[in-house]
Amino acid sequence: MAKKSKVIEKEEVVVRFSGDSGDGMQLTGSLFSFSSAIYGNDISTFPDFPAEIRAPQGTISGVSGFQVHFGHSEVYTPGDKADVLVAMNPAALKANLEWLKPGATIILDVDSFDDKNLARAGYKSNDPIEEDNLGSYNIIKAPITTMTRESLKDMGLDNKSILRSKNMYALGLVFWLFHRPIKDAEHLIREKFAKKEKIAEANVRVLEAGYNYGVIIQAVTPSYHISPAEIKPGIYRNLNGNRAIAWGFLLAAQKSGLELFLGSYPITPATEILQELSARKDLGVKVFQAEDEIAAISTAIGASFAGNLGITSTSGPGLALKGEALGLAVMAELPLVVVDVQRGGPSTGLPTKTEQADLNQALYGRNGESPLVVMAASSPVNCFDYAFYAAKIAIEHMTPVILLSDGFLANGTQPWRIPDEDQFPDINPPYVNNPANQWNVYERDPERLNRYWAIPGTPGYQHRIGGLEKDYLTGEVSYDHHNHFKMVKMRQEKIDRVADFIPPLEVHGDQDAELLIVGWGGTFGHLLTALEELQKEGKKVALAHFNYINPLPKNSYDVLKRFRKIVVCELNMGQFANYLRSKFPDVLLRQYNKVEGLPFTVGELKNHFEKILEE
Amino acid sequence: MSDNKKLAFLEYKSDQNVRWCPGCGDHAILNSLQKTMAELKIPNDQIAVISGIGCSSRLPYYMSTYGFHTIHGRASAIASGVKLANPKLSVWQITGDGDALAIGGNHFIHVIRRNIDINIILFNNQIYGLTKGQYSPTSKRGFISKTSPFGTIEYPFRPGELTIGARGYFFARTIDKEIKLSVEVMKAASKHKGTSIVEVLQNCVIYNDNTHREITDKKFKDDRTIVLEHGKPMIFGKNRNKGLVLDGTRLKVVTIGEGGITENDILVHDAHCEDPTIHLKLADMEYPEFPVALGVIRDAEAPVYDQCFIEQMDKIKKESKIKSFRDLVTSGDVWEVK
Ligand SMILES: Cc1ncc(C[n+]2csc(CCOP(=O)(O)OP(=O)(O)O)c2C)c(N)n1
Ligand code: SF4
Ligand SMILES: [Mg+2]
């Protein structure tokens, strides 16, 4: 093999696979990310689905993408912009131009750049490279369709199956580009199509053909080398946020000895939690696909009343429907976890896009004084941990908990080091232990202020609860005005005391920074990357990222007070900033907000922070 | 013991003062329910009574069982969760015509469609009692109320028709003050596996007094109602000389001894028949053309959701290779970093 080819050593690379929804880009992307992870790189991925299920072929609205960021050191985000773009048709090229780094490599299927497809993508000429001024990019014009046909010509496959294998050609080429052993992909493909041997064979052939094409063109095309990252030993798998949430609840059920009950109604981007748990009958999970979100939360409340761990999963519009029932759970003081995987709003908004604009709804979206615990996960894999801890708090404190995730966390993946279950604490349901004749329904634990749980079916502990105000001790209906005020304060105090059981707020970066970046939830990866890059440039910056929102960690005020400049960054118009202002009116907060249905980019964050530092 | 038996229903009374208006039909329904439980000897710790919101929905507070007074319209959903969480419990839902058929209409039809083993007692007073007298989804067309001062311009739901339309397998009707009949149908509802709907014609003395009087009044009840019993001919009337026959595809009231009609011509009630056609006709009978049907109108067998739920889970548990959390998280595409 001629060795004149140029190999570029890189710390990290972002690859974006893009094509028509039928082009198999999600599979291609996940195969590539999995083999990168096996190779030893740290990775972060994000799929970008078209909003319509069957958008017209070849159009920009039908483009489906998958972005993989992998590196020699830790990566926290799927990357702002791509070093390599695979564009299976003109629409995929056009849709992604904004998301390319200067000088990026673009792999095109030239065969699909015909007049019809060019027109569908909105090109006016038949030369998109000229039209979009792409001269400075490194463009590989590969005849992917022709070559795929060529390599499968003697297999007797129908046209559709042949065209379906095109993505493997692109994958093979990308494998060559990054010096990846093709065996890894071959193995995965054979596993994936274990039941369709012929298809597996075809895919492997095309993959090899793509790889060989790379070898042929290497003289003119540079390739990349990214060394493996230093990764903690252990067993790993790729995990997205939705699955991580589902699994976190499974562990919580095991650790609490409770049966898990999910009542849910499908809604993007939360549906996968429902689907994932529906498949887990083998682990005894009870899943109920309700007629609407109100029924979904109501069945979960009923299940908790009857002694299960009741949970419900939804997105913003569904949370709106659950408001009244959440109030009932506050009043009845039963364990309940509500997962809100946030998407762009208001109304139906941008269902497939990400946003953090449900915070106010989670904190305040109920009638009456109706406090509950609000938490937020901050990476795809820590969705697992926060689901577990949300359940732990709900059970041990006998309270509803809202766990916020978002579309970005839900669909993004990261390698997950499979934890040892022993690393997680036990969950102790506060079952009533007084003898039946010495027990009062709203008697409380002196420390946590939770009431005790008496499970229907237990002789002697029959009791009635409900949404009407309760006597502070007996739980009987009470209209007494003093009692009401007492109970309002008690319910608040119970939530406030959760702060005694959660970890303190951490400060990443320079403890004596000039600027403190504040964030919450799914923006963590971008904020941390911006912080680390600024630190490398010698800037003094720090990051305080919140996972516990109500109540806040006890040291929150002390942390904020230490910094002169603070900027609260969130994907909404400033909901968390205003919440912090309401708690700490003397702390001056700047804001950085974006509501485009997209995550932050590290680039825009750095720009903004640099400006603040210069002020 | 015999004394005890009579008083056994007291064991199901809680220590709370009953707060319904004096003369309200709800008192008698509560009584019937407690008697039913006593006769069935269901231990009160094995019973969960779930309600929504309304005068009727206050009932759980008056029972010495487990109880949950929830939110308006959602009792069917909450009761479904209770039953699936703990299928051994005897679960009863108490609901009003507004609670079940207006705000809770969606949950009502879906619990029936699924056939979850819950006994639903629907207090039908054709009015919103708790909110003081607005028309409800069962108020007769033209009904005058605080929110329909010129009469309603909408047809009411017929709970039996709705139940059968939602593929229900048990529907019975009774009258609040007919305690004996109520106990009979409530017992049948409890024994029926699957969702049971018991419509109770209930009188709201304050906001809709005498709404059912033209059929429930002692003076003419026998002529204007028919108590259906499985396997018995559909005969009614003070003189037990009226009956129901099929005339083409329609029901018809006939008089035995007139026009050559004998007892043998009268339809025999088959509550267990899977086909709901006749049940629907019976449930829909209205005075004055027909007598109003009371008793168990439909009581047929069908797969029960909560049982299937358990059976399916047991089967999957046996078949699946995944037996633990550990098995799950380490299955599929994993890799080791050394
Ligand atoms: C969400 C909500 N909307 C409205 C109400 C007011 N409300 C309470 S009970 C009721 C109607 C009750 O009628 P019904 O269910 O027939 O019960 P009844 O009082 O007649 O027994 C209404 C409208 C409420 N409690 N909650
Ligand atoms: S208002 Fe009517 S339904 Fe309500 S308690 Fe009084 S009589 Fe009964
Ligand atoms: Mg009513």
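Here is a short conversation about a predicted model, moving from the domains of chain A to the strands of chain B.

Reader: Into which domains is chain A divided?
Author: Happy to start there, and remember that the model is predicted. The C-alpha centres of domain 1 and domain 2 of chain A lie 42 Å apart. The full division of chain A is domain 1 (7-225), domain 2 (238-502) and domain 3 (508-614).

Reader: Which element gives the largest share of the side of domain 1 of chain A that touches domain 2 of chain A?
Author: The contact takes 12 residues from domain 1 of chain A and eight residues from domain 2 of chain A. On the domain 1 side, α1 (25-39) and β3 (42-48) of chain A each supply at least two residues. By class, that side of domain 1 has eight nonpolar, three polar and one charged. The largest share, six residues, comes from β3(A).

Reader: Which helix gives the largest share of the largest nonpolar core?
Author: Good one for anyone who likes protein interiors! In soluble globular proteins, nonpolar side chains tend to be buried together. Here the largest nonpolar core holds 254 residues, and those touching the most other members include A:M375, A:A387 and A:L403. The largest share, 11 residues, comes from chain A's helix α15 (residues 382-396).

Reader: What does A:I517 contact, leaving aside its neighbours within four places in sequence?
Author: A:I517 is one of the residues that touch the most other members of the largest nonpolar core. Leaving aside neighbours within four places in sequence, its contacts are A:L527, A:L531, A:V541, A:A542, A:L543, A:V567, A:C569 and A:F609.

Reader: Which residues surround ligand 2?
Author: By class, the shell around ligand 2 has eight nonpolar, two polar and one charged residues. In order of numbering, the shell is B:W20, B:C21, B:C24, B:D26, B:C55, B:N125, B:G129, B:C204, B:V205, B:I206 and B:Y207.

Reader: Which element gives the most to the side of chain A that touches chain B?
Author: Between the chains, 57 residues of chain A are in contact with 45 residues of chain B. The chain A side has 29 nonpolar, 19 polar and nine charged residues. Among the elements giving two or more residues to that side are α1, α10 (241-256), α12 (293-305) and α13 (316-332) of chain A. The one that gives the most, with nine residues, is α12(A).

Reader: What is the bridge partner of A:I465 in β2(B)?
Author: β17(A) also gives two or more residues to the side of chain A that touches chain B. Three bridges join β17(A) to strand β2 (residues 66-69) of chain B, and the two run parallel. In β2(B), A:I465 has as its bridge partner B:F68.

Reader: Why is strand β4 of chain B largely enclosed by the rest of the structure?
Author: In a regular strand the side chains alternate between the two faces of the sheet. In β4(B), one side carries B:N119, B:I121 and B:F123, the other B:I120, B:L122 and B:N124, and both faces are covered. The strand (residues 119-124) is largely enclosed because, of its six residues, the number buried is six.

Reader: Which residue in β6(B) stands opposite B:N119?
Author: Let's look at the strands paired with β4(B). Strand β3 (residues 90-96) of chain B pairs with β4(B) in the parallel sense over five bridges, and B:I94 has B:I121 as its bridge partner in β4(B). Strand β6 (residues 196-201) of chain B also pairs with β4(B) in the parallel sense, over six bridges. Opposite B:N119 in β6(B) stands B:S196.

Technical notes: Residues numbered from 1 in each chain as written. Chains lettered and ligands numbered in written order. Predicted model: local features only at pLDDT ≥ 70, side-chain atom pairs only at ≥ 80, totals over all residues. Domains from an automatic or database assignment. Contact = placed C-beta atoms within 7 Å. Helix = DSSP H or I, 4+ residues; strand = E, 2+ residues; numbered from the N terminus. Nonpolar A, V, L, I, M, F, W, Y, C, P; charged D, E, K, R; others polar. Core = buried A, V, L, I, M, F, W, Y, C linked by C-beta atoms within 7 Å. Buried ≥ 20, exposed ≤ 12 C-beta atoms within 10 Å, placed from the backbone. Near = placed C-beta within 6 Å. Pairing = 2+ DSSP bridges.
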